[in-house]
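Student: Please take a close look at one part of this structure with me. I'm new to it, so I'd like the terms explained along the way.

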Amino acid sequence: MPNYTGCPCKVCQNTFKAEDDIVVCPECGTPYHRSCYTAKGTCINTELHESGKSWHEAHRSKLLDRTCPNCHHINAPDAGYCSICRTPLKEDDPSENGDSGINIVMPDGRTMSINPNDPCCGLSPDEKLEGERLGDVASYVRNNTLYYIPLFKRFKDMGKKLSVNLPCLLFPHLYFANRKMWKMTFLTIAVLAVCNIPAILSSMQMAFTDKNMIEMYAEYGLDVSETFAGLLAFLKSGEDVIRTLDMVFYGVQLVFRVILCIFANHLYFRHVIKKVKAIRTSGADIQMQRLLLQTGGGTNFLNMLGAIAIYYGAVMAIMMTIMMLFM
C-alpha cells in the first residue's frame, strides 16, 4: 500500500499518521480514515469521479518528490528531509541560484558536478561498492560524504589504496575513535604508548631529581631518594641508552604515523564495507537496517574524549608498572 503519511483526509482534513487505519475509494483511490469513510458511507471526492481521474494521478508528482533518493523511503508530502536517513528531499535548482555545484574529476576523466547536500554525491544510490549499495555506504559514513564517497569510488575503480589523511598524521587514535574504528584505536594507542616509554623514563628522571619536586614529595612524607633509589640508579646508569632509544622510538612513531596517514582512508573504506555487509546480512528488516546504518556509523566526538582518556591511562599504567618494578 502506498504511504499516505502526511496527506489530508478529505472528510476530517487531518493528516494521516503511520499508525492510522486507512481505506481508499475503490474507484478513484482517495484515501480516508476508516471511521470517516464509514461515517460518510461513500466517497465524497465527486470532482474526481466526474472527471474520471484518480487521486494518485493528481498527487503522483507530489508523492514521488517525497521518495528518498538515498534509502527510497516514501516520506510525508511536505517533508524536507527523509525521516529515516535525513537526506534532503528538496534540493535547490542550480540554475536558479547560479550555483552549478562542486566539480570533481572522476577516475575515468569525467568531470562530475555534485550537490553538497546529496550524500551520494551525484552517483546512483544503487551503484555497488564491493557488493554493497552506495546509498547504504553513504548512510553509514553519514558525516563528510562529500569527501569519502568520491574517494571510495576511486578506491574501487582504480584499485588504489593510497591517499592522504592529515588527522591521522597528527592524532591517529582520535581519528579512528571518532570514526568508531575501535580495533585501530586500541592498536594505535598501544603503539604510541610503547614508543613513548623512553620519553616516560626521561620525564620520571627529571621529576625525581628536581629539587622542587623532591620538596613537594617530602611534604607528603615521601622520601624519593630512598623510596625510588633503585629506579634512580637505573635511570642514571642508563641515561645515554634511554636518550638514544628516545630518538629511535620517536623515528618509529613518526614512520607509524606516516603509514597511517597514507592508508587510513582505505582502512576506513574496508571498515565501512564490512559493517554495511554485516548489517545487510543480519536478518533485520529493511527499516531496522536503515536505523542500524544511521546509528552504527557516522562520527562521535565523545569517542575522541574516551580515546584521550585511554591513552593517558595507558601512559600512567606504564609509569606505575615501572615504579612498582623498582620499589
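**A close look at Phe 152**

Tutor: Let's start with two rings: Phe 152 and Phe 269 are both buried (buried means under 20% relative accessible area, exposed over 50%, and partly exposed in between, with a 1.4 Å probe and protein chains only). Before going on, keep in mind that this is a predicted model, where local features need pLDDT of at least 70, side-chain atom pairs count only at pLDDT 80 or more, and totals for chains, interfaces and linings use all residues. Residues are numbered from 1 along each chain as its sequence is written, and side-chain values use heavy atoms, with hydrogens and water left out.

Now, back to the rings. A pair of aromatic rings is described by the distance of the centres and the angle of the planes. Here the rings that count are those of Phe, Tyr and Trp (its six-membered ring), and they pair if their centres lie within 6.5 Å; planes under 30 degrees apart are stacked, over 60 edge-to-face, and the rest tilted. The structure holds 10 such pairs. In one of them, Tyr 148 and Phe 152 have ring centres 5.8 Å apart and planes at 45°, so the pair is tilted. Both residues sit in helix H6, four residues apart, or about one turn of the helix. (Helices, H or I with at least four residues, and strands, E with at least two, are DSSP runs numbered from the N terminus.) Tyr 148 is buried, just as Phe 152 is.

Phe 152 also pairs with Phe 269, again tilted, at 4.9 Å centre to centre and 45° between the planes. This pair links distant parts of the chain: Phe 152 is in helix H6, Phe 269 is in helix H14, and 117 residues separate them. One aromatic cluster takes in Tyr 147, Tyr 148, Phe 152, Phe 155, Tyr 268 and Phe 269.

What else does Phe 152 touch? Leaving aside neighbours within four places in sequence, its contacts (heavy atoms within 4.5 Å) are Leu 129, Val 137, Val 141, Asn 265, Tyr 268, Phe 269 and Val 272.

Let's zoom out to the core. A nonpolar core is a set of buried Ala, Val, Leu, Ile, Met, Phe, Trp, Tyr and Cys residues joined through side-chain atoms within 4.5 Å. The largest one has 48 residues, and Val 137 and Phe 152 touch the most other members. Several helices supply at least two residues each, including H5 (134-141), H6 (145-158) and H14 (239-280). H14 gives the most, with 10 residues. There is also a second, separate core of 13 residues, with Cys 28, Tyr 32, Cys 36 and Leu 48 among them.

H14 has another role nearby in the story: together with H5, it is part of what covers the buried residues of H15. Those buried residues of H15 (residues 286-296) are Gln 289, Arg 290, Leu 293 and Gln 294. Looking down the axis of H15, they fall within an arc of 135° and so line one face of the helix (the arc is that of the directions from the helix axis to the C-beta atoms).

To finish, here's the whole chain: 16 helices and six strands, with 40% of its 327 residues counted as buried.
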